[in-house]
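I opened the model to look up how its interior is put together, and I kept my entries in the order in which I checked things.

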Amino acid sequence: MKINNRIIGGDSPCYIIAEMSANHGGDIEKAIALIHAAHKAGADAIKLQTYTADTITLDCDKPDFLLPSGNAWEAHRSLYSLYKKAYTPWEWHAPLFKEAKSLGLDIFSSPFDRTAVDLLESLNVPIYKVASPEITDVGLLAYIAKTGKPVILSTGIANYDDIELAVNTLQKHGCSEIAILKCTTAYPTPLTECNLRTIPDLAKSFNCVAGISDHTEGVVAPMTAVALGGKIIEKHFINDNQDESVDAFFSLDSEAFSNMVQNVRDVEQSMGKINYQITESAKKNILAKRSLYFCNSMPVGHVLTENDIRSVRPGFGAHPKYLAKYIGQTLGQAVEFGDRVRCEAVVGKIEE
């Protein structure tokens, strides 16, 4: 997958997305500050959500549209009230896109209906994110796919069949670059429900880039996702942990997000590649490796016994696996206590 001119997947570094969501709190200056903070924290991209209350739900007081007791946002009473407070005004999109681009920070969004796609197309968005609840909206998926842009899918409230349908719909309508993020739509998500082993299975099953859209507290889940081969991390982002915006309670503040980015880069470095060779740093510790040494001083003509050679540290002598081959051999030269065992010291030929 390619986002702007950057390759995502393979041996490329993990792509880290700061999700602004509703954390601007209805203040465009705060939204701009979040963009700058995300860039400073090391994010590769900032992501918005493009909807209005009217494009995502109905202004209806029937029970289906009211937030139930125990819901994280129940204080907002209804879906309509919640989204009216949380949405990113459409007139903000152009200045926010301009601000992010001026920093070299990728910016894109999750559209929630066709009009949102049209707005984002007018801003030349490089990629689309499909939010978890929209993964079954095949009409929206088809409309997005027809733009020819890459798509990132979240799977928070989707089963395998839903994911398969979404992928097939996107491909059928022209989308050839798809990434899938393991996600659990719970706020915050318990670690016991992350099931991150799904990440490599998604990559294999759908032959795609895979990663995580994370709603847990802390950074354990993103770190684990990277170790499992995840190539995209999306995490909700706030500038200050004292923020009281709609999604602040499960978002990382700028310091924690910066630490996550650094931890991701450290994990990537430690993952390295498949390599059974002794590294340059390890070679400096050859003293800790065992090898064969003469443990007695002996003259020419001495026949070696088990009491004459030991496998000890350091590792400059013959490999311990040749010990049996030296027993019974005749010395062709005198040796001293502490000399390395080597084939030149004996009369007979030692195949090493």
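**Cores.** In this predicted model, I looked up the largest nonpolar core and found that it has 73 residues. The residues with the most contacts inside this core are Ile46, Ile152, Leu153, Ile180, Ile232 and Phe257. I then asked which element gives the most to this core, and it is α1, with seven residues. I also noted a second, separate core of 14 residues, which includes Leu304, Tyr322, Ala345 and Ile350.

**Ile46.** I listed the contacts of Ile46, leaving aside its neighbours within four places in sequence, and they are Ala18, Met20, Leu34, Ile35, Ala38, Ala100, Leu105, Asp106, Ile107 and Phe108.

**Strand β4.** Next I checked how many residues of β4 are buried. Six of the six are, so β4 is largely enclosed by the rest of the structure. I followed the directions of its residues and saw that Ala45, Lys47 and Gln49 point one way, while Ile46, Leu48 and Thr50 point the other way, with all of them buried.

**Partners of β4.** I looked up the pairing and found that β3, residues 15-19, runs parallel to β4 over three bridges, and that Lys47 in β4 is the bridge partner of Glu19. Between these two strands the chain passes through α1, residues 28-41, and I recorded this β-α-β crossover as right-handed. With β5, β4 is joined by six bridges, and these two strands also run parallel; here the bridge partner of Ala45 is Asp106.

**Helix α5.** I turned to α5, residues 114-122, and asked which of its residues are buried. They are Ala116, Val117, Leu119 and Leu120, and they cover an arc of only 160 degrees around the axis, which puts them on the same side of α5. I then looked for what covers these buried residues, and the list includes β4 (45-50), α4 (93-102), β5 (106-111), β6 (128-130) and α6 (138-145). Just after the helix I noted Asn124, whose phi is positive, near 55 degrees.

**His93.** My last entry concerns His93, which lies in α4, and for which I asked whether the residue is buried or exposed. His93 counts as buried because its relative accessibility is 0%, against a cut-off of under 20%. Not counting residues up to four places away in sequence, His93 touches Leu48, Gln49 and Thr50, together with Thr88, Leu119, Leu120 and Leu123. I marked Leu119 and Leu120 again in my list, as both are among the buried residues of α5.

Conventions. Residues numbered from 1 in each chain as written. Predicted model: local features only at pLDDT ≥ 70, side-chain atom pairs only at ≥ 80, totals over all residues. Heavy atoms only, no water. Buried < 20%, exposed > 50% of the residue type's maximum accessible area, 1.4 Å probe, protein only. Helix = DSSP H or I, 4+ residues; strand = E, 2+ residues; numbered from the N terminus. Arc of directions from axis to C-beta. Contact = heavy atoms within 4.5 Å. Pairing = 2+ DSSP bridges. Right-handed = clockwise from strand over helix to strand, strands pointing away. Core = buried A, V, L, I, M, F, W, Y, C linked by side-chain atoms within 4.5 Å.
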